[in-house]
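Hi,

Here is the structure I promised to pass on to you. Please have a look, and then read on for what I found in it.

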Amino acid sequence: MGQVEMDRAAKVKQYRKKRRGSIKSRTGRSMQGQAASRAGVTAGCLLVAGLLAAFIFFINGKSTGKNELDYVSKGEFASLMSFLMDEMPQKWADDAGSPVTRAMLRDFVRSMGLSEAVSVEGGSEKLERAAFMEYYERILDYLDTAESVQKQAILLLDKDGSLLRTQDGELHMKTDSLQLKPFYTYQAYLMGQTVLGIASKSEKTIALRGAVIQSAGSRKTRFAYQKREYEIASKSPQEVRSGASCTLCIKDGRITRVKDIQEAENEKPDTKQAAVSLPESVKVLILNSGSIHYDQVFLSCDSGCSAKQSNKKKKASYGKGEVIPVKKLKLKKGGSVTVTPKKADGRICLTDKKGSPVSKGYYGSMTVYRDKDGYYVVNKVPVEKYLYSVTASEMPSSFGTEALKAQAVCARSYVYRQMQAGDYEAYHAQIDDSTNYQVYNKSDISEEDVTAVEETAGEIMYVQDEIVNAYYFSSSHGYTSTMEIWNQDEDAYPYLKFKSLNMKKNAKKPDLSDEKTFRQHIKSDKTKTYDSSSRYYRWQARLEFSSCIKELKEKIQQRYQVNPDNFSFYLTSGKKAKKVTSLKGFGGIKKISCARRGKSGAVLELSVTFEFGRAVIQSEYNIRAVLGCAMEQISYADGTKDTAARFLPSSFFAIEYDKKSRRYVLSGGGNGHGMGMSQYGASGMAKEGWSYQDILKFFYDGAEIRKAA
């Protein structure tokens with residue numbers, strides 16, 4: 001018996017006399033009790049979740065009978081016990097898909113020192129689910145002393161791998177082996193937002209409140225609920241008009257009753273608007289120099305703070321400026337600590353071990369989580385206070401009040417749109433603090449920033465009933481671009497148009513997809529635009545490839561792994577070009593050229609010709625990252641030079657080869673992806689008397705500014 005099992009057996013012995021024979025129901029606990037139990041999640045559960053998922057996906061499971069819920073598999077048993085175990089026993093992992101037998105459960109009970117309290121009889125016969133769950137309840141009563149596992153009825157709306165969408169939001173399963181049916185109700189064992197296993201199918205009727213009917217027929221009903229659309233069988237014809245909001249009573253895969261009907265003002269359902277959720281706070285993953293994890297974390301607060309660990313009921317109190325060394329809290333894997341300022345306007349800082357700040361102050365709370373890779377940090381902050389910092393970090397206050405207001409509305413629209421994507425759900429966050437989303441908390445907040453946010457409070461851009469994906473960038477070369485720069489469908493974002501920033505009204509837009517026209521524009525055009533004051537308005541980069549072949553190939557392969565659809569590799573060493581998936585055997589670089597240019601002048605396809613192969617690269621970020629590896633020097637419009645830059649300012653450039661220096665020279669313009677609002681352009685417009693509403697309507701075609709509900 002290992003040390004973990006010995007420690008657990010000692011703990012069981014301590015509680016046995018007190019709790020013998022006491023089998024409590026885990027279904028009827030109060031919401032307060034559930035919240036407390038979630039705070040007591042036992043250490044190691046996240047590690048077990050990962051191990052379980054890996055084992056179950058790679059093990060050939062045996063049949064568990066004619067019904068998936070007849071028996072409990074070894075994989076599900078391990079999931080159910082993950083509140084307790086730090087690792088999955090090898091004898092279970094070797095055959096995770098086969099059913100649990102009475103002998104197996106008996107051996108487990110013995111190893112935990114529970115034989116006297118939980119008596120299991122029998123041998124190699126399979127243990128039916130109902131009988132297994134009776135034993136499981138007893139095991140929970142003795143071993144789950146923190147009451148971290150809860151029994152709850154869930155209505156499954158749909159299932160995507162291990163992700164379950166239910167009436168109360170999204171849950172995750174540790175095991176994906178169960179074939180659960182949409183619109184059926186199950187009694188599930190939950191630990192926080194994780195489903196450990198299924199007790200049984202339930203006959204309980206679940207009510208979906210706030211569903212919006214799209215169409216109701218005699219057999220099928222379509223409705224929108226929690227940002228998604230569903231189709232469900234109806235028990236009988238439903239007399240509900242399209243667009244009505246109502247409560248759907250669902251049981252055994254069908255609607256049994258429709259109540260609380262509120263007719264829409266018109267017959268057409270406003271499903272997109274109903275799907276938009278506008279929470280008051282956003283959860284931001286605070287990156288560690290681009291990485292998610294930290295080896296150690298130190299925090300302090302300018303107003304004093306409290307610290308609440310996930311497995312403890314009491315909060316610890318810290319004074320003003322007192323350092324919290326998270327490592328000394330001894331968080332176990334799967335554990336977390338949430339630090340909250342004592343004052344509403346208090347700010348939390350990341351510090352070094354001596355308490356010296358290594359970050360700006362953060363509003364809201366800060367939660368530090370621990371997993372197998374280290375610590376990661378999430379800042380939960382009110383959206384409006386988040387915008388103070390984004391506005392400060394993304395635009396200088398010198399750009400003018402109306403430009404700052406435009407920036408605030410852009411940032412607010414963008415964050416609400418991005419929050420819906422769920423990119424960082426695995427890390428308890430919605431976005432991060434980098435240019436992947438919006439730069440956050442990298443500059444001091446000025447009065448101008450606060451004023452810009454407060455004077456536009458709650459304002460969001462919509463086109464029809466969809467929040468605008470309000471992309472913005474530093475400065476243009478005189479024109480903005482469209483979704484073509486990312487090799488995506490332009491029609492999906494009709495408000496992102498090819499725009500001219502020429503200060504002359506009704507100036508004719510040239511066809512910049514023509515190589516000669518673009519070259520003339522980027523090298524000799526003297527037209528004054530709203531953002532021609534930017535030093536990036538024109539730039540020239542010198543590239544040298546012979547010393548960076550290895551680095552450049554590695555960058556291409558790295559970006560290929562991220563999005564292979566934007567890369568094509570052809571091996572040309574044979575008689576006929578052969579499409580391949582790597583650059584192996586390609587040799588050195590012979591030539592680079594623009595294979596296709598967009599109407600805004602952006603390089604949409606870059607061709608890199610090697611000695612024995614050719615790579616075609618699409619999407620502006622990929623092109624900028626790859627060519628940046630070879631950049632020796634870049635010169636800007638203000639006369640400054642940089643020899644350390646390793647990323648091209650934009651994809652708007654012409655390519656020439658200088659035989660004398662044996663270097664490629666890129667003549668380019670603009671800084672950033674080039675789509676949406678030019679920040680320097682907004683500043684120029686503000687200085688010419690434009691209002692922030694006019695600025696936004698110029699850059700986002702057809703956009704309407706509305707107050708959030």
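In helix α16, which spans residues 692-699, the buried residues are Y692, I695, L696, F698 and F699. Looking down the axis of α16, you will find these buried residues within an arc of 160°, so they line one face of the helix. The general spacing helps here: an α-helix has 3.6 residues a turn, so residues three or four places apart point the same way. What do the buried residues of α16 pack against? Their partners are the helices α10 (401-419) and α15 (679-687), together with the strands β21 (459-463), β34 (677-678) and β35 (704-707). Please keep in mind throughout that this is a predicted model.

Next, the sheet. Five strands form an open sheet in the order β31-β30-β24-β33-β32, and their pairing is antiparallel. Which strands sit at the edges? They are β31 (641-642) and β32 (653-658), each of which pairs on one side only. Further in, β24 (residues 539-543) and β33 (residues 663-668) are joined in the antiparallel sense by five bridges. If you want a register to check, Q540 stands opposite S667 in β33. Helix α12 packs on this sheet, where it touches β32 and β33, and its direction makes about 85° with that of β32.

Two loop residues are also worth a look.

The first is S475, in the loop between β23 (472-473) and α12 (515-524). Is S475 buried or exposed? Its relative accessibility is 2%, under the 20% cut-off, so S475 counts as buried. The S475 side chain makes a polar contact with the side chain of S534, at 3.1 Å. Setting aside residues up to four places away in sequence, S475 touches D531, S534, Y536, G670, N671, S678 and Y680.

The second is V120, which lies in the loop between α6 (102-111) and α7 (129-143). V120 has a relative accessibility of 8% and therefore counts as buried too. Apart from its neighbours within four places in sequence, V120 is in contact with R102, L105, R106, V109 and Y135. For one of these, R106, there is a backbone distance as well: the C-alpha atoms of V120 and R106 are separated by 5.3 Å, while the two residues are 14 apart along the chain.

Happy to talk any of this through once you have the model open.

Best wishes

Technical notes
Residues are numbered from 1 along each chain as its sequence is written. This is a predicted model: local features need pLDDT of at least 70, side-chain atom pairs count only at pLDDT 80 or more; totals for chains, interfaces and linings use all residues. Side-chain values use heavy atoms; hydrogens and water are left out. Helices (H or I, at least four residues) and strands (E, at least two) are DSSP runs, numbered from the N terminus. Buried means under 20% relative accessible area, exposed over 50%, partly exposed in between (1.4 Å probe, protein chains only). A polar contact is a pair of N or O atoms within 3.5 Å; within protein, one must be able to donate a hydrogen and the other to accept it, and residues adjacent in sequence count only if both atoms are side-chain atoms. Contact means heavy atoms within 4.5 Å. The arc is that of the directions from the helix axis to the C-beta atoms. Two strands pair if DSSP finds at least two bridges between them. Axes are lines fitted to C-alpha atoms, for helices over the stretch in contact, and angles run from 0 to 180 degrees between N-to-C directions.
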